[in-house]
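Reader: I would like to learn how to read a structure feature by feature. Could we take the aromatic rings, the sheets, the backbone and a pocket in turn?

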Amino acid sequence: VCDRANSRIQVFKTDGTFIKEASVAPQTMRGSVLDIAFSKDAQQKYIFLADGMNQRINVIDRQTLQVITSFGDGGRGVGQFFGVHSIAIDSKGNLYTTETWEGKRLQRFVNKGLAPVTKADQGTVWPSTR
């Protein structure tokens, strides 16, 4: 569950029993947990989280709820966000984001597979030849 007002993710069983929770960018005060999508691998190992106030996507380990890395930055360029609000993943693992406020757009990030995480914040992910 996304708890926007308290900048946290909460996990429950299907019967409503509380399991665990984690704060995400608690210094933001509110608005760092707007929407989530699960990776398309069989285990759904990763959570992709839209952080609207900090203008980024956080990649989270589903078991530990720890942020592994993030990407994006504030702005209107490719791979930047202005009020990133919603997030979804299609059957091929491509990630889609939508923006609110004056962002008013949709972006698609093509799934090119997994790679080692080299830093905590990837910044703006520009198109590459990788």
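Author: Let's start with the rings. In this predicted model, ring pairs join Phe71, Phe81 and Phe109 into a cluster.

Reader: What is the geometry of the pair formed by Phe81 and Phe109?

Author: That aromatic pair is tilted, with 6.0 Å from centre to centre and 50 degrees between the planes. Phe81 sits in the loop between S7 and S8 and Phe109 in strand S10, so the pair ties together parts that are 28 residues apart in sequence.

Reader: Are Phe81 and Phe109 buried or exposed?

Author: Buried means under 20% relative accessible area. Phe81 has 0% relative accessibility, so it counts as buried. Phe109 has a relative accessible area of 14% and is therefore buried too.

Reader: How many aromatic pairs does a search of the whole structure find?

Author: The search finds three aromatic pairs. One of them is formed by Phe12 and Phe18: the ring centres are 5.7 Å apart and the planes stand at 75 degrees, so this pair is edge-to-face. Planes over 60 degrees apart count as edge-to-face. Phe12 is partly exposed at a relative accessible area of 34%, and Phe18 is partly exposed at 40%.

Reader: On to the sheets, then. What holds the strands of a sheet together?

Author: The general idea is that strands pair through backbone hydrogen bonds, in either a parallel or an antiparallel sense. Here, one open sheet has four strands in the order S4-S5-S6-S7, with antiparallel pairing. S4 and strand S7 (67–71) are its edge strands, each pairing on one side only. On average, neighbouring strands of this sheet are turned by 25 degrees against each other, direction ignored.

Reader: How many bridges join the strands, and which residues stand opposite each other?

Author: Let's walk across the sheet. S4 and S5 pair antiparallel over four bridges, and Asp35 stands opposite Ala50 in S5. Six bridges join S5 to S6, again running antiparallel, with Ile47 opposite Ile60 in S6. Strand S6 (residues 56–61) and S7 then pair in the antiparallel sense over four bridges, where Val59 has Thr69 of S7 as its bridge partner.

Reader: Why is strand S5 described as largely enclosed?

Author: Six of the six residues of strand S5 (residues 46–51) are buried, so the rest of the structure largely encloses this strand. Look at the side chains along S5: Tyr46, Phe48 and Ala50 point one way, Ile47, Leu49 and Asp51 point the other way, and all are buried.

Reader: What is the strand order in the open sheet of three strands?

Author: The order is S8-S9-S10, with antiparallel pairing. Strand S8 (84–89) and strand S10 (106–109) are at the edges with a single partner strand each, so one side of each has no neighbour in the sheet. Neighbouring strands of this sheet are turned by 20 degrees against each other on average, direction ignored. Strand S9 (residues 95–99) pairs antiparallel with S10 over four bridges, and Thr97 has Gln107 of S10 as its bridge partner.

Reader: Now the backbone. Where does Gln55 take a positive phi?

Author: Gln55 does so in the hairpin of S5 and S6, which has four residues between the strands; its phi is near 55 degrees. Ser7, a residue other than glycine, has a positive phi near 50 degrees. Ser7 lies in the loop between strand S1 (2–3) and S2 and is buried at 1% relative accessibility. Leu65 is not a glycine either, yet its phi is positive at about 65 degrees. Leu65 lies in the loop between S6 and S7 and is buried, with a relative accessible area of 5%.

Reader: Finally, how does one find empty space, and which residues line the second largest pocket?

Author: Rolling a probe the size of a water molecule over the atoms shows where empty space is left. The second largest pocket holds about 190 Å³ of space. Its lining includes Val1, Phe12, Lys20, Phe38, Ile47, Arg62 and Leu65. Strand S2 (8–12) and strand S4 (35–38) are the elements that give two or more residues to this lining, and S2 has the largest share, four residues. By type, the lining residues divide into eight nonpolar, two polar and two charged.

Terms used. Residues are numbered from 1 along each chain as its sequence is written. This is a predicted model: local features need pLDDT of at least 70, side-chain atom pairs count only at pLDDT 80 or more; totals for chains, interfaces and linings use all residues. Side-chain values use heavy atoms; hydrogens and water are left out. On a 1 Å grid over the protein atoms alone, a cavity is a set of points where a 1.4 Å probe fits but cannot get out, and a pocket is an open set with protein on both sides within 12 Å along at least five of seven lines; lining residues have an atom within 4 Å of a point. Grid points are joined across faces, edges and corners, and a volume is the space filled by probe spheres set on the points. Ala, Val, Leu, Ile, Met, Phe, Trp, Tyr, Cys and Pro count as nonpolar, Asp, Glu, Lys and Arg as charged, and the others, Gly among them, as polar. Two strands pair if DSSP finds at least two bridges between them. Axes are lines fitted to C-alpha atoms, for helices over the stretch in contact, and angles run from 0 to 180 degrees between N-to-C directions. Rings of Phe, Tyr and Trp (its six-membered ring) pair if their centres lie within 6.5 Å; planes under 30 degrees apart count as stacked, over 60 as edge-to-face and the rest as tilted. Buried means under 20% relative accessible area, exposed over 50%, partly exposed in between (1.4 Å probe, protein chains only).
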